[in-house]
Amino acid sequence: MDKVVKIVLAGPRGKMGREAIQMIEKTDQFQLVAVIDRINNGRKLSDLIPEVKTDCQVYTDANECYKETEPDCLLELSVAEAAYEHAIAAIRYGVRPVIGATGLSHGQLTDLEREANSRNIGCIVAPNFAIGAILMMKFAQLAAKHFSDVEIIELHHDEKRDAPSGTALKTAEMIQTVRQERRQGHPEEKEKLHGVRGGDYSGMKIHSVRLPGLVAHQQVMFGSVGETFTIRHDSYNRTSFMAGVKKSLETVIHIDTFVYGLENILE
Ligand SMILES: NC(=O)C1=CN([C@@H]2O[C@H](COP(=O)(O)OP(=O)(O)OC[C@H]3O[C@@H](n4cnc5c(N)ncnc54)[C@H](OP(=O)(O)O)[C@@H]3O)[C@@H](O)[C@H]2O)C=CC1
Ligand SMILES: O=C(O)C1=N[C@H](C(=O)O)C[C@H](O)C1
């Protein structure tokens with residue numbers, strides 16, 4: 001039988017945190033040993049979420065949590081700033097982070113990469129855990145070899161804090177590796193309403209839509225003479241992310257480097 005993977009989860013009261021707790025409870029090989037919340041220090045997880053099947057302690061201090069519970073992995077599903085602090089501390093304790101929280105800066109990602117690689121500690125940053133979203137990004141990267149005009153439209157629920165989404169940024173980064181940098185649209189184009197043409201990433205435009213009713217969706221639209229080509233992915237619920245979370249937790253305990261994007265660990 002595989003060794004049990006001891007997991008600390010950050011962000012247990014959140015939408016993703018709650019979904020992840022259910023997935024961990026259903027997975028024999030996984031054990032939730034503690035949670036990190038920004039409040040509720042010293043309480044039990046069941047005080048926060050009465051329906052949990054396996055109880056554990058709530059910590060607000062990540063260092064104290066790692067020292068007392070000696071986990072294998074940190075599953076980070078809180079917010080960017082906290083995720084960075086929790087993950088840096090984790091690596092220093094030899095705890096392997098799987099980071100789903102988005103909105104980390106380029107500098108923060110570089111720090112994590114340096115800390116993990118210098119200590120040979122596996123660390124996975126996954127802007128999107130949904131398998132379909134990974135395929136959308138890969139296919140967009142492939143299409144960009146043939147279509148250099150592209151716009152990314154990401155659509156999310158209105159409780160999302162970061163814009164553009166981590167997925168949109170990752171998609172743009174992947175496209176950038178194959179696309180010659182160039183400004184799109186008319187050279188004399190003028191915005192009559194500020195921001196109406198979207199955010200600019202190396203000449204590509206990114207548009208962020210926020211509406212109640214949405215979960216997580218993205219459309220990558222390419223255009224050329226007489227044709228357009230659209231790749232779209234939709235997550236209709238947060239269970240769609242759990243196969244990727246599971247795969248990341250299973251993988252991170254066997255690797256000793258920093259990995260940015262699930263496309264790098266899926267066969
Ligand atoms: N990679 C992927 O596939 C996916 C990534 N995400 C990302 O995951 C993150 C969580 O998303 P979601 O669950 O929808 O968001 P929620 O807002 O529902 O949950 C975030 C939770 O984090 C908590 N939190 C804030 N600060 C801290 C802290 N210092 N320590 C511990 N917990 C803290 C919040 O508490 P409080 O409300 O009290 O502030 C809240 O309970 C976001 O960054 C989102 O972008 C989301 C879906 C998929
Ligand atoms: O906040 C969300 O909901 C999501 N965040 C991630 C992102 O920023 O790309 C992944 C997914 O889109 C859902």
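## A tour from Asn 120 to the two ligands

Select Asn 120 to begin: this residue counts as exposed because only 10 C-beta neighbours lie inside 10 Å, where a residue is called exposed if 12 or fewer other C-beta atoms lie within 10 Å of its own, buried if 20 or more do, and partly exposed in between, with the C-beta atoms placed from the backbone. The model is a predicted one, in which local features need pLDDT of at least 70 and side-chain atom pairs count only at pLDDT 80 or more, while totals for chains, interfaces and linings use all residues. Residues are numbered from 1 along each chain as its sequence is written, and chains are lettered from A and ligands numbered from 1 in the order in which they are written.

**Two loops with positive phi**

Asn 120 sits in the loop between helix 5 (106–119) and strand 6 (123–125); helices (H or I, at least four residues) and strands (E, at least two) are DSSP runs, numbered from the N terminus. The phi of Asn 120 is near 55°, which is a positive value in a residue other than glycine. Next select Glu 70, in the loop between helix 3 (62–69) and strand 4 (73–76), where phi is again positive, at about 45°, although Glu 70 is not a glycine. Glu 70 counts as partly exposed, because it has 14 C-beta neighbours inside 10 Å.

**The whole chain**

Now zoom out to the full chain, which holds eight helices and twelve strands. The C-alpha trace spans about 60 × 40 × 30 Å along its principal axes. The radius of gyration is 20 Å, which agrees with the value near 18 Å for a compact globule of 267 residues; the radius is taken over C-alpha atoms, and the globule rule is 2.2 Å times the number of residues to the power 0.38. Of the 267 residues, 38% count as buried.

Colour the chain by domain, with domain 1 as 5–125 + 239–264 and domain 2 as 131–236; these bounds come from an automatic or database domain assignment. The contact between the two domains takes eleven residues from domain 1 and eleven residues from domain 2, and two residues are in contact if their C-beta atoms, placed from the backbone, lie within 7 Å. The C-alpha centres of domain 1 and domain 2 lie 29 Å apart.

**Gln 31**

Select Gln 31 in strand 2 (residues 30–36), a residue that is partly exposed, with 16 other C-beta atoms within 10 Å. Not counting residues up to four places away in sequence, Gln 31 touches Val 4, Val 5, Lys 6 and Ile 7. To get a sense of scale, draw a distance from Gln 31 to Gly 226: the two are 195 residues apart in sequence, and their C-alpha atoms are 55 Å apart in space.

**Ligand 1**

Move to ligand 1, which has 25 residues around it, among which Gly 14, Met 16, Arg 38, Ser 78 and Ala 82 come nearest; a residue is near a molecule or strand if its C-beta atom, placed from the backbone, lies within 6 Å of it. Helix 1 (residues 15–26) contributes the largest share of this shell, three residues. By class, the shell around ligand 1 divides into eleven nonpolar, eight polar and six charged residues, where Ala, Val, Leu, Ile, Met, Phe, Trp, Tyr, Cys and Pro count as nonpolar, Asp, Glu, Lys and Arg as charged, and the others, Gly among them, as polar.

**Ligand 2 and the residues listed by UniProt**

Ligand 2 is surrounded by Thr 102, Pro 127, Asn 128, His 156, Lys 160, Ser 165, Gly 166, Thr 167 and Ala 216, a shell of two nonpolar, six polar and one charged residues. An unreviewed UniProt entry lists His 156 and Lys 160 under "active site"; UniProt positions are given in the numbering used here, feature names are shortened, and annotations may be inferred rather than shown by experiment.

Select His 156 in strand 7 (residues 149–156), which is buried, with 22 other C-beta atoms within 10 Å. Leaving aside neighbours within four places in sequence, His 156 is in contact with Ser 165, Arg 210, Leu 214 and Ala 216. Lys 160, in the loop between strand 7 and helix 7 (166–176), is partly exposed, with 15 other C-beta atoms within 10 Å. Pro 164 lies in the loop between strand 7 and helix 7 as well, and a cis peptide bond, with omega of about 0°, joins Ala 163 and Pro 164.

**Helix 7**

Finish on helix 7, which is largely enclosed by the rest of the structure, because eight of its eleven residues are buried. The buried residues include Gly 166 and Thr 167, and those of helix 7 pack against helix 6 (131–143), strand 7, strand 8 (199–201), strand 9 (204–210) and strand 10 (216–224).
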